Amino acid sequence: MVDIYAQLFNALQIKIRYNKQLSLDYAKLLKSLNSEISLIVLANPNSPTGTLIPQEILYNILEKAQSSATTVLIDEAYYGFCKQTVLPLISHFENLVVARTFSKSAGLAGCRIGYLVAQERLAQRLYKFRPMYEVNAIAVMIASAILENPEIVNQYLEETEKGKSYVIEVLNQLKINYLDTHTNFLHFDCGVNYKRLMQAFNQNGILVKGGLGISGYENYLRLTTGPIEVMQPAAKIIQSVLGN
């Protein structure tokens, strides 16, 4: 939605893209910060790369942004699968906003519910932009139940990690190159069988995403992981197509 909102408000975007090593140019990012920048948006871990910005880099970005009165929004949608967070820095940086969602680690993507964390002064400013109906009652009820029963999420995270390890083991056995991530998905190289594997997945009712959109990874597929019993059908298809 960043691109869409930028267009709606006629905001100029400066995009810092990932290189072939799946790294951001942190020096360029820091150099671009000045008083004319209104907002910095960082997804950490990032999608689709699944990479993580080191905590010390985030601290440097926040510090420089605060000196120029620039707000920093850090999207931690994959927190849970990734344990790193800047939430403890909220008390130190009045320009920091942390966004979390129930879509990933709680498995509630259909509910469209999440939350923001910021210091009170910044939170009051954000209230001015709230829509009249931002979430529905069913989503609030389900999210409340999740917050009251954290063991549900913890169990799901544990089962998903096992499922991801299972897929990685299959890929290792087949000697297929893959990119592990700090999220609940991974990327693997289909080589010349890219279209054939996509077709096999679709025929079996399994939807997967294309590559990373970065040069050199055109034949990589993104596979979201879950518990082992969910991943077994996908693994069988991978073995049947890429195991020859």
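Modeller: A helix axis is a line fitted to C-alpha atoms, and the angle between two axes runs from 0 to 180 degrees between N-to-C directions. Keep in mind that this is a predicted model.

Biologist: At what angle do helix α7 and helix α8 pack?

Modeller: About 145°, with the axes 10 Å apart. Helix α7 spans residues 194–203, and helix α8 spans residues 228–242. The crossing of α7 past α8 is right-handed.

Biologist: Which residues in α7 and α8 meet?

Modeller: From α7, look at Arg196, Leu197, Ala200 and Phe201. They meet Ala234, Ile237, Ile238, Ser240, Val241 and Leu242 in α8. By class, the contact has 8 nonpolar residues, 1 polar and 1 charged.

Biologist: Now the sheet. How do strands of a sheet pair?

Modeller: Through backbone hydrogen bonds, either parallel or antiparallel. Here 4 strands make an open sheet, ordered β1-β2-β3-β4, with mixed pairing. The edges are β1 (39–43) and β4 (114–118), each paired on one side only. On average, neighbouring strands are turned by 20° against each other, direction ignored.

Biologist: In what sense do β1 and β2 pair?

Modeller: Parallel, over 5 bridges, with β2 covering residues 71–75. For a landmark, find Leu39, which stands opposite Thr71 in β2.

Biologist: Which strands does helix α3 touch?

Modeller: Helix α3 (residues 55–67) packs on the sheet and touches β1, β2 and β3 (96–101). Its direction makes about 170° with that of β1. Helix α4 (residues 120–127) also packs on the sheet, touching β2, β3 and β4. The direction of α4 makes about 135° with that of β4.

Biologist: On to charges. When can side chains of opposite charge pair?

Modeller: When their charged atoms come close. The cut-off used here is a nitrogen to oxygen distance within 4 Å. The count comes to 5 salt bridges. One of them joins Arg100 and Glu76 at 3.0 Å, N to O. Arg100 lies in strand β3 and Glu76 in the loop between β2 and β3, so the pair ties together parts 24 residues apart in sequence.

Biologist: Are Arg100 and Glu76 buried or exposed?

Modeller: Arg100 is buried, and Glu76 is buried too.

Biologist: How far apart in sequence are Lys162 and Glu158?

Modeller: They are 4 residues apart in helix α6 (residues 150–173), so about one helical turn separates them. Their closest N and O atoms are 3.6 Å apart in a salt bridge. Lys162 is partly exposed at 47% relative accessibility, and Glu158 is partly exposed at 48%.

Biologist: What does Lys164 form with Asp180?

Modeller: A salt bridge, with the closest N and O atoms 2.9 Å apart. Lys164 sits in helix α6, and Asp180 in the loop between β5 (178–179) and β6 (185–189). At 4% relative accessibility, Lys164 is buried. Asp180, at 47%, is partly exposed.

How values were computed: Residues are numbered from 1 along each chain as its sequence is written. This is a predicted model: local features need pLDDT of at least 70, side-chain atom pairs count only at pLDDT 80 or more; totals for chains, interfaces and linings use all residues. Side-chain values use heavy atoms; hydrogens and water are left out. Two strands pair if DSSP finds at least two bridges between them. Helices (H or I, at least four residues) and strands (E, at least two) are DSSP runs, numbered from the N terminus. Contact means heavy atoms within 4.5 Å. A crossing is left-handed if the near helix is turned anticlockwise from the far one by less than a right angle, and right-handed if clockwise. Ala, Val, Leu, Ile, Met, Phe, Trp, Tyr, Cys and Pro count as nonpolar, Asp, Glu, Lys and Arg as charged, and the others, Gly among them, as polar. A salt bridge is a side-chain nitrogen of Lys or Arg within 4 Å of a carboxyl oxygen of Asp or Glu. Buried means under 20% relative accessible area, exposed over 50%, partly exposed in between (1.4 Å probe, protein chains only).
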